[in-house]
Amino acid sequence: MKKKFAAAALMLSMCACLVACGDKKDDKTSDSGNNTSAATEAGTEAGTEAATEEAATEAAAGVNIASTETWGDYTVGIPEGWEFKKGDVFDENDTKYCSVKKSSFSYFDFKMETEDIQKQQYEYNKKTYTNEQTDVSATYGDIAWTGFQYSDGYGGYGFEAYATANGKPVRVSCAGFKFDSAEAQAVLGSLVIK
């Protein structure tokens with residue numbers, strides 16, 4: 001019994017180490033978008049918009065959108081090798097929720113909530129995920145997002161952002177990517193809300 005317990009503990013610690021190490025490929029793509037900060041420092045609104053669009057085009061170019069899925073009011077691009085999940089854990093048929101997933105630890109969860117619920121959830125998450133927290137905002141596709149980015153403390157990142165598209169409040173919870181990463185720009189840039 002002790003040997004089985006020790007083996008299980010060893011396996012869990014090895015898995016934890018692998019998760020903590022992160023994927024270096026994601027770190028390389030996560031640093032794109034530095035052009036946006038240079039334009040912001042220049043202080044010109046036109047420069048900021050041009051730099052953001054240029055950075056989004058350059059960064060998103062590294063992610064191949066292989067297909068498009070429609071679920072409820074969402075239409076979103078799915079990168080090659082990723083999966084689309086309808087609904088949420090409580091109801092797979094709920095058209096207010098969907099996910100674009102690279103893995104169990106790298107994903108974008110989209111939620112259509114009332115403005116009150118959206119605000120409550122966003123504020124709760126902002127108080128919860130405080131490690132290296134920074135405010136973020138950008139327009140990807142036709143949707144202007146506002147939110148915050150955070151670090152998991154092990155070299156990984158995530159973010160929470162909200163927007164109103166076609167008069168509907170939308171929130172995205174992301175794990176595994178920076179807000180200005182190629183993956184975020186490709187997935188958020190492909191999102192269309194009916």
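The following questions and answers go through the sheet, the nonpolar core and the aromatic pairs of a predicted model.

Student: In what order do the 7 strands of the open sheet run, and which are the edge strands?
Tutor: The 7 strands of this open sheet pair in the antiparallel sense, and neighbouring strands are turned by 20° against each other on average when direction is ignored. The order is β3-β4-β5-β9-β8-β7-β6. Each edge strand pairs on one side only, and these strands are β3 (83-86) and β6.

Student: Which residue in β9 is the bridge partner of Asp109?
Tutor: In the order of the sheet, β5 stands beside β9, and these two strands pair in the antiparallel sense over 6 bridges. For Asp109, the bridge partner in β9 is Ser173.

Student: Which helices lie across strands of the sheet, and at about what angles do they run to β9 and β5?
Tutor: Helix α5, which spans residues 115-128, lies across β6, β7, β8 and β9, while α6 lies across β4, β5, β6, β7, β8 and β9. The angle of α5 to β9 is about 25°, and that of α6 to β5 is about 30°.

Student: How many residues of α6 are buried?
Tutor: The buried residues of α6 are Ala182, Glu183, Ala184, Gln185, Ala186, Val187 and Leu188. The helix is therefore mostly covered, since a residue counts as buried under 20% relative accessible area. Of its 9 residues, the number buried is 7.

Student: Which element gives the largest share of the largest nonpolar core?
Tutor: This core has 30 residues, of which Phe108, Phe110, Trp145, Phe159 and Phe179 touch the most other members. The elements that give two or more residues to the core include β2 (74-79), β5 (106-112), β8 (157-165) and α6 (182-190). The largest share is 4 residues, and the element that gives it is β8.

Student: Which residues of α6 are in contact with Phe108?
Tutor: Leaving aside neighbours within four places in sequence, the contacts of Phe108 include Trp82, Cys98, Phe159, Cys174 and Phe177. From α6, the contacts of Phe108 include Glu183, Ala184 and Val187.

Student: Are Cys98 and Cys174 buried or exposed, and how many disulfides does a search of the whole structure find?
Tutor: Cys98 has a relative accessibility of 1% and Cys174 a relative accessible area of 2%, so both count as buried under the 20% limit. A disulfide is a covalent bond between the sulfur atoms of two cysteines. Across the whole structure, the number of disulfides found is 0.

Student: Why does the pair of Tyr122 and Tyr162 tie together parts that are apart in sequence, and how many residues apart are they?
Tutor: Among the 11 aromatic pairs of the structure, Tyr122 and Tyr162 form one that is edge-to-face, with 5.0 Å centre to centre and 75° between the planes. Tyr122 is buried at a relative accessible area of 8%, whereas Tyr162 is partly exposed at 32%. Because Tyr122 lies in helix α5 and Tyr162 in strand β8, the pair ties together parts whose separation in sequence is 40 residues.

Student: Are the planes of Phe159 and Phe179 stacked or edge-to-face?
Tutor: Phe159 lies in strand β8 and Phe179 in the loop between β9 and α6, 20 residues apart, and both are buried. Ring pairs also link these two with Trp82, Phe108, Tyr140 and Phe177 into a cluster. With the ring centres of Phe159 and Phe179 5.2 Å apart and their planes at 90°, the pair is therefore edge-to-face.

Terms used
Residues numbered from 1 in each chain as written. Predicted model: local features only at pLDDT ≥ 70, side-chain atom pairs only at ≥ 80, totals over all residues. Heavy atoms only, no water. Core = buried A, V, L, I, M, F, W, Y, C linked by side-chain atoms within 4.5 Å. Buried < 20%, exposed > 50% of the residue type's maximum accessible area, 1.4 Å probe, protein only. Contact = heavy atoms within 4.5 Å. Disulfide = S-S within 2.5 Å. Pairing = 2+ DSSP bridges. Axes fitted to C-alpha atoms, helices over the stretch in contact; angles between N-to-C directions. Phe/Tyr/Trp six-rings, centres within 6.5 Å; stacked < 30°, edge-to-face > 60°.
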